Amino acid sequence: MKLSGIAVAPGIAIGKSICIDYKFNIINYQISKEGITQELKRLEEIIIDTIHELESFSREFPGNKNQRDIIETHKMILEDPEMINNIKKILQEELVTLEKALDLNLQEIKKQFSEIEDEYFSARIIDYQDVTSRLLKKLYKTDSEHENWDGSILVAQEITPSQVLEAFKNHVAGLISIHGSRKSHSAILARSLQIPMVMGLNDDECDICPEEVIVDGSEGLVIISPTEKEKKKYQQDLAKINVRNQELALLADKDSVTKDGEKVPLYCNIEIPEEITALERMNIEGIGLFRTEFLYLDRQKLPDEEEQFQIYKKVAERLSPKPVIIRTIDLGGDKIAKSLKETEMNPNLGLRGIRLSFKYLDLFKVQLRAILRAGVHGKIKIMFPMVSNVAEINTAKQIISECQKELRSEGTKYQNEIEIGTMIEIPSAALRAKEIAAECDFLSIGTNDLVQYTLAVDRNNDLVAEYYNEADPSVLYLIQKVCQSAHEAGIKVAVCGEMASQEKFTAILLGLGVDELSTSPANYNEIKKKILQLDTKECYKYAVSLL
Amino acid sequence: MVVKRIKVTNEYGLHARPSTLLVKKATQYRSVLKIRKDEIEVNGKSLLGVLTLAAAYGTVLELIADGIDEKELIEEIERLFSSGFDEAKK
């Protein structure tokens with residue numbers, strides 16, 4: 001049987017499926033009236049057991065205040081007389097197993113929460129889901145750690161980022177998440193770690209486990225119990241991919257130098273801190289773009305200074321002495337203040353990037369302070385997004401100085417000598433790159449936005465997507481101009497947009513004068529391989545011919 | 001029986017943490033505690049009840065305590081509210 005979903009992380013996996021959540025396994029049969037006593041006893045035991053487990057957990061791992069609060073809330077849920085009575089009622093009226101009763105109870109609570117309009121409250125359903133799955137896991141004793149995941153395909157309703165990491169460590173071949181989207185953290189991680197993944201089959205009833213399954217992460221297909229013919233075809237494709245990956249893996253120890261001996265420093269872009277796990281086996285030269293939007297998305301409260309500091313510090317320490325370029329938030333206003341949601345007619349030309357940071361100065365300072373403090377623990381650089389002229393850079397630098405002054409007077413440790421760079425992604429910034437370069441330690445070209453703004457094309461709009469062309473002479477002209485301006489000022493230019501991750505553009509970019517590239521983790525070795533094959537003089541000739 | 005009207009003054013309202021604190025406090029007393037918001041009345045000793053009230057900042061609630069330690073219970077709950085559950089007040 002063939003199911004189609006969203007292609008989330010490319011590649012092919014063939015293996016036996018293992019279900020890692022209870023949802024598929026709900027034991028459901030009618031019990032007799034006499035059976036109720038037994039189920040009630042199980043209920044009582046499982047609750048006492050789970051409360052003890054939570055208590056001993058919080059004794060052993062005190063964690064931070066937030067984590068302690070969550071454990072308290074979960075304990076309170078387990079002690080809730082109304083909920084316990086409801087489960088008992090379901091058992092007695094429906095004559096179902098305790099497992100089914102717990103699931104039905106959760107459905108009822110979900111319905112109650114779905115009627116709450118305020119998202120801040122309705123989101124708390126997650127605590128009830130967590131507690132229910134904790135109880136069910138205990139009942140099934142399917143503690144996934146005990147299973148052998150090697151070479152298998154993991155299936156769950158919704159695979160979490162920590163499960164993706166766990167899967168990576170245990171050599172899982174592929175992942176299937178019934179729900180989810182390409183932009184989710186799990187999807188980002190699967191791509192970085194190069195584990196083939198398909199999401200969004202949106203079929204709660206499908207029978208995937210335990211069967212032989214093929215995951216085609218490039219096409220977004222899942223084939224359950226494949227025919228011999230299907231299997232053979234995919235085995236051949238997989239063999240080719242494996243050969244190629246093995247070749248690429250050998251490049252880890254090689255330096256990224258062109259044929260004629262030019263060193264091209266090669267960095268990685270990351271979106272979430274967990275991705276550093278993917279970088280360890282690649283021997284990268286640093287992080288050329290650490291996006292920080294994850295801190296602000298899908299959550300109720302904005303991140304405070306301490307939380308950000310800990311995250312930046314961890315990444316900086318893991319990479320040290322290699323550099324980590326942290327880009328300050330690049331979000332639309334709707335992500336920060338609900339009130340702004342519908343007011344922008346044209347968000348791409350609206351309150352984004354550094355403009356948003358200037359408007360919400362408190363928020364900006366929290367982030368800058370966290371970065372400056374983390375700068376003591378590794379080599380951190382700051383980069384500003386969506387800058388349109390040099391005045392904005394001067395303002396941003398002034399704010400950094402203010403933050404440094406505050407930290408100094410508070411006696412907090414911070415980095416006084418921090419390198420500052422600008423993303424060049426607005427044509428006006430590219431045209432006046434000379435002035436901006438004079439105020440910066442480095443520039444980094446964000447090609448996605450630079451192309452979009454230069455050509456006035458939204459590539460996500462199918463009606464005009466064909467007009468989106470990275471190699472348009474006007475785009476290449478701007479890139480060359482930025483490189484020349486930077487070199488005159490004695491600083492380096494990197495490209496961190498998607499052009500840097502596509503090997504068909506590597507020669508052009510080097511030819512235009514780009515010094516460094518920052519790619520997505522999945523494309524890192526491919527681009528390195530390309531650099532090794534290139535000759536800078538030929539790159540230059542080629543680039544010039546396109547201008 | 002004691003009845004008391006009270007306003008939610010902490011910024012994020014009775015979300016998970018304050019609700020947990022409230023229920024924890026209430027269960028230390030023998031009296032029954034009901035909480036009313038408009039037409040809805042819930043058991044003040046049930047987290048599910050308190051959470052589903054979705055009492056945001058500024059909501060006015062009615063506390064109804066009944067039992068031998070009703071007065072102490074109400075006083076204690078009032079104290080929680082007036083301290084803003086130890087979080088930022090708006």
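Start by selecting strand 4 of chain A, residues 153-156. Show the side chains: I153(A) and V155(A) point one way, while L154(A) and A156(A) point the other way. Every one of these residues is buried. Keep in mind as you click around that this is a predicted model.

Now add the neighbours of that strand. On one pairing, strand 3 of chain A (residues 12-19) runs parallel to strand 4 of chain A, with three bridges between them. To find one of those bridges, pick S17(A), whose partner in strand 4 of chain A is I153(A). Next, bring in strand 5 of chain A, residues 174-177. Strand 5 of chain A also pairs with strand 4 of chain A in the parallel sense, over four bridges. Here the residue to click is A156(A), which stands opposite S177(A).

Zoom out and colour chain A by domain. Domain 1 takes in 2-23 + 144-245, and domain 2 covers 254-546. Draw a line between their C-alpha centres and you get 32 Å. Where do the two domains of chain A touch? The contact involves 10 residues of domain 1 and nine residues of domain 2. On the domain 1 side, highlight helix 7 (161-169) and helix 8 (185-193) of chain A, the elements that give two or more residues each. Helix 8 of chain A has the largest share, with six residues. Colour that side of domain 1 by class and you should find six nonpolar residues, three polar and one charged.

Next stop: the boundary between the chains. Here 18 residues of chain A are in contact with 17 residues of chain B. On the chain A side, select helix 2 (65-78), helix 3 (81-94), helix 4 (98-114) and helix 5 (119-122), each of which supplies at least two residues. Helix 2 of chain A gives the largest share, five residues. By class, this side of chain A has nine nonpolar, two polar and seven charged residues. For the complex, the predictor reports an ipTM of 0.90 and a pTM of 0.72.

Cross over the boundary and click A16(B), which sits in helix 1 of chain B (residues 16-26). Is A16(B) buried or exposed? It counts as buried, because 25 C-beta neighbours lie inside 10 Å. Leaving out residues up to four places away in sequence, A16(B) touches T73(A), R124(A) and D127(A), along with L51(B). While you're there, pick L48(B) as well: A16(B) and L48(B) are 32 residues apart along the chain, with their C-alpha atoms separated by 9.8 Å.

Finally, show chain B on its own. Trace it from the N terminus and the elements run β-α-β-β-α-β-α. Its radius of gyration is 12 Å, close to the 12 Å that the globule rule gives for 90 residues, so chain B is as compact as a globular protein of that length. Its C-alpha trace spans about 35 × 25 × 20 Å along the principal axes. Colour chain B by burial and 42% of its 90 residues come up as buried. Of the contacts in chain B between residues at least 6 apart in sequence, 74% join residues at least 24 apart.

One last recolouring, by pLDDT. Chain B averages 91, and 97% of the residues score at least 70. Among the elements of chain B, strand 2 (residues 32-37) has the highest mean pLDDT, 95, and helix 1 has the lowest, 92.

Conventions
Residues numbered from 1 in each chain as written. Chains lettered and ligands numbered in written order. Predicted model: local features only at pLDDT ≥ 70, side-chain atom pairs only at ≥ 80, totals over all residues. Buried ≥ 20, exposed ≤ 12 C-beta atoms within 10 Å, placed from the backbone. Contact = placed C-beta atoms within 7 Å. pLDDT = per-residue confidence, 0-100. Rg over C-alpha atoms; globule rule 2.2 N^0.38 Å. Domains from an automatic or database assignment. Nonpolar A, V, L, I, M, F, W, Y, C, P; charged D, E, K, R; others polar. Pairing = 2+ DSSP bridges.
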